[in-house]
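Trainee: Please take one part of this model and go through it closely, then show how it sits in the rest of the chain. I would like the cut-offs stated as you go.

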Amino acid sequence: MDRTSPVPLYFQLSQQLEAAIERGTLTPGSLLGNEIELAGRLGLSRPTVRQAIQSLVDKGLLVRRRGVGTQVVHSQVKRPLELSSLYDDLESAGQRPATIVLTNRIEPASAEVAAALGVPEGSDVRLIERLRFAHGEPMARLRNHLPSGLLECDTERLEATGLYRMMRAAGITLHSARQSVGARAASELEAELLTEETGAPLLTMERTTFDDTGRAIEFGSHIYRASRYAFEFQLLVRP
């Protein structure tokens, strides 16, 4: 701690703890002990430690457990806005992704899906709906529509790997995507799937992905737990 810095000590402590969680130095389930123990160990006042911990509890990174102390829940997933899959991003971040396939069927294309994929309305498309987990905790519900016949979509394989990996293995080149990000409140069903309260904030993302011939190969409509997930933007100054 830099006691000469104008940055408050509680904020310095919260930043250091958050960095340790994101690096994996403090892993999910790790115990920090109670506030009195932490204050004594760090040479800080109890109110300073309490404020630092509370800021991380509010972010969903720590939880207070009666009789146990303060425990690391997980690090928030921060996903760059680029053409990558959630499965690959979670795996590269050491988050141990897992998947449950909720739906895998052929259905008629709605007007929205038909427009995104460039196919006639009512024509056959494949719907894949999955629940994606990290460290055993639900993170997102993923809905993908694919042109019929594009890809052999075995449910067992969908639960073992990512959709984009399956596409690449099938020789499909992912070239570009059109994407929009938003937010809304969780419905009762969505809250149940993601273990959130009804009305909890969700991040939304819609993406149409194109191959190297310009063909639309996937239309995704996904929701993410805002308490566990964030999109990162890199902004450049226009000359």
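Mentor: What follows starts with the conventions, goes through one strand and its sheet, and ends with the helices and cores.

This is a predicted model, in which local features need pLDDT of at least 70 and side-chain atom pairs count only at pLDDT 80 or more, while totals for chains, interfaces and linings use all residues. Residues are numbered from 1 along each chain as its sequence is written, and side-chain values use heavy atoms, with hydrogens and water left out.

The protein chain has eight helices and 11 strands; these are DSSP runs numbered from the N terminus, helices being H or I over at least four residues and strands E over at least two. Of its 239 residues, 45% count as buried, where buried is under 20% relative accessible area, exposed is over 50% and partly exposed lies in between, with a 1.4 Å probe and protein chains only.

The part to look at is β9, residues 201-211. Nine of the 11 residues of β9 are buried, so the strand is mostly covered. On one side, 11 bridges join β9 to β8, and the two run antiparallel; strands count as paired if DSSP finds at least two bridges between them. Within that pairing, F210 of β9 is the bridge partner of S176. Nine bridges link β9 to β10 (residues 216-225), again antiparallel, and here R207 stands opposite G220. β9 and β10 form a hairpin with four residues between them, and G214 in its turn has a positive phi of about 90 degrees. Ahead of β9, the loop from α8 (188-193) holds T195. This residue also has a positive phi, of about 50 degrees, although it is not a glycine. T195 counts as exposed because its relative accessibility is 51%.

β9 belongs to an open sheet of six strands in the order β5-β6-β7-β10-β9-β8, with antiparallel pairing. β5 (97-108) and β8 (174-185) are the edge strands; each has a single partner, so one side of each is left without a neighbour in the sheet. From one strand to the next the twist averages 15 degrees, with axes fitted to C-alpha atoms (for helices, over the stretch in contact) and angles from 0 to 180 degrees between N-to-C directions.

Elsewhere, α1 and α3 pack with their axes 8 Å apart at an angle of about 45 degrees. That makes them oblique, the class left after roughly parallel (under 35 degrees), roughly antiparallel (over 145) and roughly perpendicular (65 to 115). Among the residues making the contact (heavy atoms within 4.5 Å) are L13 and L17 of α1 and V49 and A52 of α3.

L13, L17 and V49 are also among the residues that touch the most other members in the largest nonpolar core, which has 16 residues; such a core is a set of buried Ala, Val, Leu, Ile, Met, Phe, Trp, Tyr and Cys residues joined through side-chain atoms within 4.5 Å. α1 (9-23), α2 (35-42) and α3 (46-58) each supply at least two residues of this core. A second, separate core of 14 residues includes V101, M166, M167 and I217.
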